Amino acid sequence: NHLYAFRMLVIPGYRIPGLSSKLLVTTRDFLESIYKEDKTETCIGMITLVENEELKSTRREAITKNSNMVYIGNSANGNHIRVYYFKDAAIA
């Protein structure tokens, strides 16, 4: 199976509170709708690295409330790894 790798960079002048969460959730919902419509889609979810030092120190919950991304560990560089599986996804 495959996962979509999600990465987002926002130019400092455009950063506002909640923007990254909104973009992540909107993208997640769009990709999940593709998965639901086309059962031959091999991507069964999303994975992301959290590189933002502030987020790593303040967002330490196992499942983030807004995106439902699940913390599964740290990368070799100490970045949080989070994953989300689409509804009804099955690991083959």
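**Reasoning from values to terms in a predicted model**

Mentor: In this predicted model, 58% of the contacts in the chain between residues at least 6 apart in sequence join residues at least 24 apart. The chain holds two helices and four strands, and from the N terminus on its elements run β-α-β-α-β-β.

Trainee: What makes Ile63 partly exposed?

Mentor: The relative accessible area of Ile63 is 47%. Buried means under 20% and exposed means over 50%, with partly exposed in between. Ile63 is therefore partly exposed. The residue lies in the loop between α2 (53-58) and β3 (70-74).

Trainee: Why can Ile63 belong to a nonpolar patch on the surface?

Mentor: A patch takes residues with over 30% relative accessible area and no salt bridge, and nonpolar side chains are joined within 5 Å. Ile63 has 47%, and the patch consists of Ile63, Val70 and Ile72. Together these residues have about 250 Å² of accessible area.

Trainee: How is Asn68 classed, and what is notable about its phi?

Mentor: Asn68 has 40% relative accessibility, so it counts as partly exposed. Asn68 is found in the loop between α2 and β3. Its phi is near 60°, a positive value in a residue other than glycine. Most residues other than glycine have a negative phi.

Trainee: Why is Asp88 called exposed?

Mentor: The cut-off for exposed is over 50%. Asp88 has 70% relative accessibility and therefore counts as exposed. Asp88 is placed in the segment after β4 (80-85), and its phi is also positive, near 70°.

Trainee: What makes strand β2 mostly covered?

Mentor: Six of the eight residues of β2 (residues 43-50) are buried, and a residue is buried when its relative accessible area is under 20%. Of the 92 residues of the chain, 28% count as buried.

Trainee: How do you know that β1 and β2 are paired?

Mentor: Two strands pair if at least two bridges are found between them. Four bridges join β1 (residues 2-6) to β2, and the two strands run parallel. Within this pair, His2 stands opposite Cys43 and Phe6 stands opposite Thr48.

Trainee: How do you know that β2 also pairs with β4?

Mentor: Six bridges join β2 to β4, where at least two are required. These strands run antiparallel. One bridge is that of Leu49 with Ile81 in β4.

Trainee: What makes the pairing of the sheet mixed, and what is the order of its strands?

Mentor: The parallel pairing of β1 with β2 occurs beside the antiparallel pairing of β2 with β4. The sheet is open, has four strands and follows the order β1-β2-β4-β3, with mixed pairing.

Trainee: Why are β1 and β3 said to stand at the edges?

Mentor: Each of them has a single partner strand, so one side of each is left without a neighbour in the sheet. Neighbouring strands are turned by 30° against each other on average, direction ignored.

Trainee: Where does helix α1 lie, and what does its angle to β2 say about direction?

Mentor: Helix α1 (residues 19-37) lies across β1, β2 and β4. Its angle to β2 is about 160°. Angles run from 0 to 180 degrees between N-to-C directions, so a value of about 160° places the helix and β2 in roughly opposite directions.

Trainee: What are the overall extent and surface of the chain?

Mentor: The C-alpha atoms fill a box of roughly 40 × 30 × 20 Å along the principal axes. The accessible surface comes to about 6500 Å², of which 57% belongs to carbon and sulfur atoms.

Conventions: Residues are numbered from 1 along each chain as its sequence is written. This is a predicted model: local features need pLDDT of at least 70, side-chain atom pairs count only at pLDDT 80 or more; totals for chains, interfaces and linings use all residues. Side-chain values use heavy atoms; hydrogens and water are left out. Patches are made of residues with over 30% relative accessible area and no salt bridge: like charges are joined within 9 Å, nonpolar side chains (Val, Leu, Ile, Met, Phe, Trp, Tyr) within 5 Å. Accessible areas come from the Shrake-Rupley method with a 1.4 Å probe; for residues, only the protein chains shown count as cover. A salt bridge is a side-chain nitrogen of Lys or Arg within 4 Å of a carboxyl oxygen of Asp or Glu. Buried means under 20% relative accessible area, exposed over 50%, partly exposed in between (1.4 Å probe, protein chains only). Contact means heavy atoms within 4.5 Å.
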